[in-house]
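Student: I've got a structure open and I'd like to learn how to read it. Could we go through it one feature at a time?

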Amino acid sequence: MDQGVVKTYDPVTGVGIVVRDTDRSEVFLRPGSLTGSVFRTLRQGQRILFDAVEEEGRVFINSVRLGQDGY
């Protein structure tokens with residue numbers, strides 16, 4: 001489980017970027033990343049917990065949770 005901050009999010013397309021806390025790398029949100037989570041949309045600066053998967057040299061978020069450490 002990683003933690004990061006939303007850099008950008010487009011609620012129309014479901015695409016966005018989250019910056020990881022650990023190494024400041026960018027992880028990509030793609031359509032469907034919020035499916036099954038409590039979120040309907042995200043806002044810039046929002047802190048989230050997420051699971052990520054690497055595909056074709058890019059890191060994508062595949063599940064999102066509300067978050068601070070320990071939650």
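Tutor: Sure, let's start with one arginine. Not counting residues up to four places away in sequence, Arg20 touches Asp2, Gln3, Gly4, Ser25, Val27, Phe50, Ala52 and Val59. Keep in mind that this is a predicted model.

Student: Where does Arg20 lie, and is Arg20 buried or exposed?

Tutor: Arg20 lies in strand E2. Arg20 counts as buried because its relative accessible area is 16%, and the cut-off for buried is under 20%. One of its neighbours is also a polar partner: the side chains of Arg20 and Asp2 are joined by a polar contact of 3.1 Å.

Student: How confident is the prediction, and which strand scores lowest?

Tutor: The general idea is that where pLDDT is low, you shouldn't read the predicted coordinates in detail. Here the chain averages a pLDDT of 88, and 92% of the residues score at least 70. Confidence is lowest in strand E5 (residues 58-66), with a mean of 87, and highest in strand E2 (residues 15-20), at 96.

Student: Next, the core. Which residues make up the largest nonpolar core?

Tutor: In soluble globular proteins, nonpolar side chains tend to be buried together. In this model the largest nonpolar core has 12 residues: Val6, Tyr9, Val18, Val27, Leu29, Leu34, Phe39, Leu42, Ile48, Phe50, Ile61 and Val64. Strand E1 (2-10), E3, E4 and E5 each supply at least two residues of this core.

Student: Can we look at one or two core members up close?

Tutor: Take Val18, which lies in strand E2. Val18 counts as buried because its relative accessibility is 0%. Setting aside neighbours within four places in sequence, Val18 is in contact with Gly4, Val5, Val6, Lys7, Ser25, Glu26, Val27, Leu29, Ile48, Phe50 and Ile61. With Val5, the C-alpha atoms are 5.5 Å apart, although the two residues are 13 residues apart along the chain. Val64 is another core member. Beyond four places in sequence, Val64 touches Leu29, Ser33, Leu34, Ser37, Phe39, Ile48, Leu49 and Phe50.

Student: Ser33 is a serine on Val64's contact list. Where is Ser33 placed, and is Ser33 buried or exposed?

Tutor: Ser33 sits in the loop between strand E3 (26-29) and strand E4 (47-55). With a relative accessible area of 4%, Ser33 is buried.

Student: What does the side chain of Ser33 reach?

Tutor: Two backbone oxygens are worth a look. The side chain of Ser33 reaches the backbone oxygen of Ile61 at 3.1 Å, and a polar atom of that side chain lies 2.8 Å from the backbone oxygen of Arg30. Apart from neighbours within four places in sequence, Ser33 is in contact with Ile61, Asn62, Ser63 and Val64.

Student: How many aromatic pairs are there, and how do I read one?

Tutor: You describe a pair of aromatic rings by the distance of the centres and the angle of the planes. The count here comes to 1 aromatic pair. That pair is Phe28 with Phe60, and it is tilted: 6.3 Å centre to centre, with 50 degrees between the planes. Phe28 lies in strand E3 and Phe60 in strand E5, so the pair ties together parts that are 32 residues apart in sequence. Phe60 is buried, at a relative accessible area of 13%.

Student: Which charged residues lie over the faces of these rings?

Tutor: Each ring has an arginine to look at. Arg30 lies over the face of Phe60, at 4.3 Å from the ring centre. Arg58 lies over the face of Phe28, at 4.2 Å from the ring centre.

Student: Last topic: backbone angles. Which phi values deserve a second look?

Tutor: Most residues other than glycine have a negative phi. Arg24 has a positive phi, near 60 degrees. Arg24 is found in the loop between E2 and E3, and at 58% relative accessibility it counts as exposed. Glu56 also has a positive phi, near 55 degrees. Glu56 is placed in the loop between E4 and E5 and, at 84% relative accessibility, counts as exposed.

Student: And what about the loop between E1 and E2?

Tutor: Val12 lies there. Val12 is exposed, with a relative accessible area of 75%. Val12 and Thr41 are 29 residues apart in sequence, and their C-alpha atoms are 9.4 Å apart in space.

How values were computed: Residues are numbered from 1 along each chain as its sequence is written. This is a predicted model: local features need pLDDT of at least 70, side-chain atom pairs count only at pLDDT 80 or more; totals for chains, interfaces and linings use all residues. Side-chain values use heavy atoms; hydrogens and water are left out. Helices (H or I, at least four residues) and strands (E, at least two) are DSSP runs, numbered from the N terminus. Buried means under 20% relative accessible area, exposed over 50%, partly exposed in between (1.4 Å probe, protein chains only). A polar contact is a pair of N or O atoms within 3.5 Å; within protein, one must be able to donate a hydrogen and the other to accept it, and residues adjacent in sequence count only if both atoms are side-chain atoms. Contact means heavy atoms within 4.5 Å. pLDDT is the predictor's confidence in each residue, from 0 to 100. A nonpolar core is a set of buried Ala, Val, Leu, Ile, Met, Phe, Trp, Tyr and Cys residues joined through side-chain atoms within 4.5 Å. Rings of Phe, Tyr and Trp (its six-membered ring) pair if their centres lie within 6.5 Å; planes under 30 degrees apart count as stacked, over 60 as edge-to-face and the rest as tilted. A charge sits over a ring if NZ of Lys or CZ of Arg is within 6 Å of the ring centre and within 35 degrees of the ring normal.
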